[in-house]
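Trainee: I would like to learn how to read a structure feature by feature. Could we go through one together, slowly?

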Amino acid sequence: MNRKGEMMVGEIREKYGLKSPQVLAAMLRIPREEFIADKFRKIAYSDGPVPIGHGQTISQPYTVAFMTDLLGLKGDEKVLEVGTGSGYQAALLSLLAGKVFTVERIDALSREARKRLRRLGYKNVEVKTGSGEYGWNQEAPYDAILVTAGLEWVPEELFRQLKDGGVLVAPVGRGMDKVMIKYSKRGKKIIKKQYGIFHFVPFVEE
Ligand code: SAH
């Protein structure tokens, strides 16, 4: 067993009070250090974001757990992630859903994440380079969409690619502080529920 992983999950449970047994059990199965460059491996399991190059970061473990929990995955869903980064969040989604599609705008990160996910054996994940503002139309519609970069507003196209009854979770707002929002699609209506404030690297439009 991975002692640092257990400490990380213990912290999410005790310090932040997030219970979600499925999400935390899945996190224990992922070697987080594999998603992080050698020089930062010492802090791979620490309670904060870690640089992954190109000015980007892998999100704080609690943030990853919180967003994943909001998706309420049961196991057979088709999920779209926007902002692949290291691929860590995609690996977590792959353990909790049926199939994961993930889009990253920085080609070097996208290639690295694809290689890493393959090497580590996450088979139900597809990675592509592109801008998440267009989603991944060929594979739509999705049961769940997760945006892992800070948006000012949610691109309409992402709602369009969401199934009726599906959920979209994204950090949204002006400036650095983003509000975590869960949107549920009910026919033509989008129901919105707001959660806490989180910090994110910005979503960059083309
Ligand atoms: N989920 C990642 C962390 C994401 S950091 C992980 O688990 O490691 C946010 C990522 O979103 C960055 O890699 C950034 O390049 C990417 N990003 C920003 N704007 C984007 C856009 N328009 N389309 C796709 N990816 C984007």
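Trainee: How many Å separate a nitrogen atom of the ligand from an N or O atom in the side chain of T148?

Mentor: Before we begin, please keep in mind that this is a predicted model. To read a polar contact, we look for a pair of N or O atoms within 3.5 Å. Here the side chain of T148 places an N or O atom 3.1 Å from a nitrogen atom of the ligand. The protein buries 99% of the 580 Å² that the ligand exposes when taken alone.

Trainee: Which other polar atoms lie close to the ligand, for instance from S86 or from the backbone of R105?

Mentor: A polar side-chain atom of S86 is 2.6 Å from an oxygen atom of the ligand, while a polar backbone atom of R105 is 3.3 Å from a nitrogen atom of the ligand.

Trainee: Where does the ligand sit, and which elements give two or more residues to the shell around it?

Mentor: The ligand is in the largest pocket. Strand 2 (56-58), helix 4 (88-96) and strand 4 (99-104) are the elements that each contribute two or more residues to the shell, and strand 2 provides the largest share, with three residues.

Trainee: How many residues surround the ligand, and how are they divided by class?

Mentor: There are 25 residues around the ligand, and the closest are G83, S86, E104, G132 and V204. Sorted by class, the shell contains ten nonpolar, twelve polar and three charged residues.

Trainee: How should I read an aromatic pair, and how many does the structure hold?

Mentor: For a pair of rings, we consider the distance between their centres and the angle between their planes, and an angle over 60 degrees counts as edge-to-face. The structure has nine aromatic pairs. One of them joins F66 and Y195, edge-to-face, with 5.9 Å from centre to centre and 75 degrees between the planes. This pair links distant parts of the chain, since F66 belongs to helix 3 (residues 61-71) and Y195 to strand 9 (residues 189-199), 129 residues apart.

Trainee: What can the backbone angles tell me, first about the peptide bond between A140 and P141 and then about phi of H54?

Mentor: The bond that joins A140 and P141 is a cis peptide bond, with omega about 5 degrees, and P141 is placed in the loop between strand 5 (125-129) and strand 6 (142-147). As for H54, its phi is near 55 degrees, which is a positive value in a residue other than glycine. H54 is found in the loop between strand 1 (50-53) and strand 2.

Methods: Residues numbered from 1 in each chain as written. Predicted model: local features only at pLDDT ≥ 70, side-chain atom pairs only at ≥ 80, totals over all residues. Heavy atoms only, no water. Near = heavy atom within 4 Å. Polar contact = N/O pair within 3.5 Å; in protein donor to acceptor, adjacent residues only side chain to side chain. Areas by Shrake-Rupley, 256 points an atom, 1.4 Å probe, with all protein chains shown as cover. 1 Å grid on protein atoms, 1.4 Å probe; cavity = no way out; pocket = protein on both sides within 12 Å on 5 of 7 lines; lining within 4 Å. Sits in = over half its atoms within 2 Å of the grid points. Helix = DSSP H or I, 4+ residues; strand = E, 2+ residues; numbered from the N terminus. Nonpolar A, V, L, I, M, F, W, Y, C, P; charged D, E, K, R; others polar. Phe/Tyr/Trp six-rings, centres within 6.5 Å; stacked < 30°, edge-to-face > 60°.
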